[in-house]
Amino acid sequence: MELIKKVARDLLESKYAIAFTGAGISTESGIPDFRGPFGIWKRDPEAERRAYKVYTKFLKDPREYWIEVQKSTIYPIIDKALPNSAHRALSELEELGKIMCIITQNIDGLHHKAGSKNVIEFHGSVSKLRCICCGSRFDKKEFINLIESGRVPKCKICENFLKLDVVHFNEPIPPDIYIRSFNEVMRCDLMLVCGTSAVVYPAAELPRIAKRYGAKVIEINLEETTLTFEGVSDYIIKGRVGEILPKIAEEVKRSKKE
Ligand code: APR
């Protein structure tokens, strides 16, 4: 309980706190993470090796890419998932004016569904399509019939092939997303790092940059991570985000009333 009070106090004293979230914040919504104790890559290393080839597949053969997207088992799980208490707690902390922005590595849109307004989807979103030539984004719903009939969606602006607005391994982070994220990280004086192993770059650079520029970095994770061992995080609260974040939001509300 002491650590909950400490985080709440740090949040109340912060001028511009942001959250940086990873797959660990969505496991309690039924979406498996990648490297945690029951992670996808942990259970099936071959799946990770395949994941590294997806972007090249799109560049070489967009039709084959879309056939694979349609066969994927993870997107239907994401489509059915609902926000959990951790997403709701971060949305409440935004309403309380204590979390100013969420930078998420997740593509599931659950922060938006939980009501958070200022969310940067660093690895994109399954609900959108993106043109890698002109950068235009479209709602996936506009193309669903075309995709389900086995055709490749084309950009309405420049006619090039569209892909999911999901950043695959070896794919560059869209510049607009990178610049917005970098500005938030440079501006924050506190970063709440929730449910990430912080090993995938360039996303994993963000907590390190925050630390380098003087922000307090607080981790919430089931287990220590490389951020803990490297001393990037000032401290870690070990446990489930679905249990810890609501307690932090409650403590912030209670302290604000005093
Ligand atoms: N509460 C707290 N922490 C949790 C919970 C939970 N309920 N469930 C899992 N975790 C922790 C795990 O211990 C792990 O440290 O969340 C972390 C999830 O780490 P990863 O599975 O590596 O997910 P992430 O860090 O988001 O991966 C980054 O890698 O595969 C790519 O693009 C994908 O965005 C992803 C990126």
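Select E159 to begin: this residue is exposed, with a relative accessible area of 56%. The cut-off for calling a residue exposed is over 50%, so E159 qualifies. Keep in mind as you click around that you are looking at a predicted model.

Stay on E159 and look at its backbone. The residue sits in the loop between α9 (144-148) and β6 (162-166). Its phi is positive, about 70°, even though E159 is not a glycine. Here is some background: most residues other than glycine have a negative phi, and most peptide bonds are trans.

**Next stop: the loop between β7 and α11**

Now pick A198, which belongs to the loop between β7 and α11. A198 is another residue other than glycine with a positive phi, near 55°. Is A198 buried or exposed? A198 is buried, with a relative accessible area of 2%.

Slide along to P202, also placed in the loop between β7 and α11 (205-212). Zoom in on the peptide bond joining Y201 and P202: this bond is cis, with omega at about 5°.

**Step back into strand β7**

Select C194, which has its place in strand β7. With a relative accessible area of 0%, C194 is buried. Add A86 to the selection and draw a C-alpha to C-alpha distance. The two residues are 108 apart in sequence, yet the distance in space between C194 and A86 is 9.1 Å.

**Into the nonpolar core**

Next, show L11, L90, I99, L192, L245 and I248 as sticks. These are the residues with the most contacts inside the largest nonpolar core, which has 27 residues. To see where the core comes from, colour α1 (2-13), β1 (17-21), α7 (85-95), β7 (190-194), β8 (216-221), β9 (235-238) and α13 (241-257), each of which supplies at least two of its residues. Which element gives the largest share of this core? That would be α13, with six residues. As a general pattern, nonpolar side chains in soluble globular proteins tend to be buried together.

**A threonine with two polar partners**

Go to T225, in the loop between β8 and α12 (226-229). At 5% relative accessibility, T225 counts as buried. Turn on the side chains and look for E219: the side chains of T225 and E219 make a polar contact at 2.6 Å. Then look towards L227, whose backbone nitrogen is reached by the side chain of T225 at 3.0 Å.

**Last stop: the ligand**

Finally, select the ligand and show what surrounds it. There are 24 residues around the ligand, and E28, F34, R35, T196 and S197 come nearest. If you colour the shell by residue type, you get eight nonpolar, 11 polar and five charged residues.

Now check the oxygen atoms of the ligand one contact at a time:

- H123 has a polar side-chain atom 2.9 Å from a ligand oxygen.
- E223 places a polar side-chain atom 3.2 Å from an oxygen of the ligand.
- Q105 comes in with its backbone, where an N or O atom lies 3.3 Å from a ligand oxygen.

How much of the ligand does the protein cover? On its own the ligand has 730 Å² of accessible area, and the protein covers 94% of that.

To finish, give each domain its own colour: domain 1 (1-30 + 83-126 + 173-258) and domain 2 (32-80 + 128-164). Why does the ligand lie between them? Both domains give residues to the shell around the ligand, so that is where it lies.

How values were computed:
Residues are numbered from 1 along each chain as its sequence is written. This is a predicted model: local features need pLDDT of at least 70, side-chain atom pairs count only at pLDDT 80 or more; totals for chains, interfaces and linings use all residues. Side-chain values use heavy atoms; hydrogens and water are left out. A residue is near a molecule or strand if one of its heavy atoms lies within 4 Å of it. A polar contact is a pair of N or O atoms within 3.5 Å; within protein, one must be able to donate a hydrogen and the other to accept it, and residues adjacent in sequence count only if both atoms are side-chain atoms. Accessible areas come from the Shrake-Rupley method with a 1.4 Å probe; for residues, only the protein chains shown count as cover. Ala, Val, Leu, Ile, Met, Phe, Trp, Tyr, Cys and Pro count as nonpolar, Asp, Glu, Lys and Arg as charged, and the others, Gly among them, as polar. Domain bounds come from an automatic or database domain assignment. A nonpolar core is a set of buried Ala, Val, Leu, Ile, Met, Phe, Trp, Tyr and Cys residues joined through side-chain atoms within 4.5 Å. Buried means under 20% relative accessible area, exposed over 50%, partly exposed in between (1.4 Å probe, protein chains only). Helices (H or I, at least four residues) and strands (E, at least two) are DSSP runs, numbered from the N terminus.
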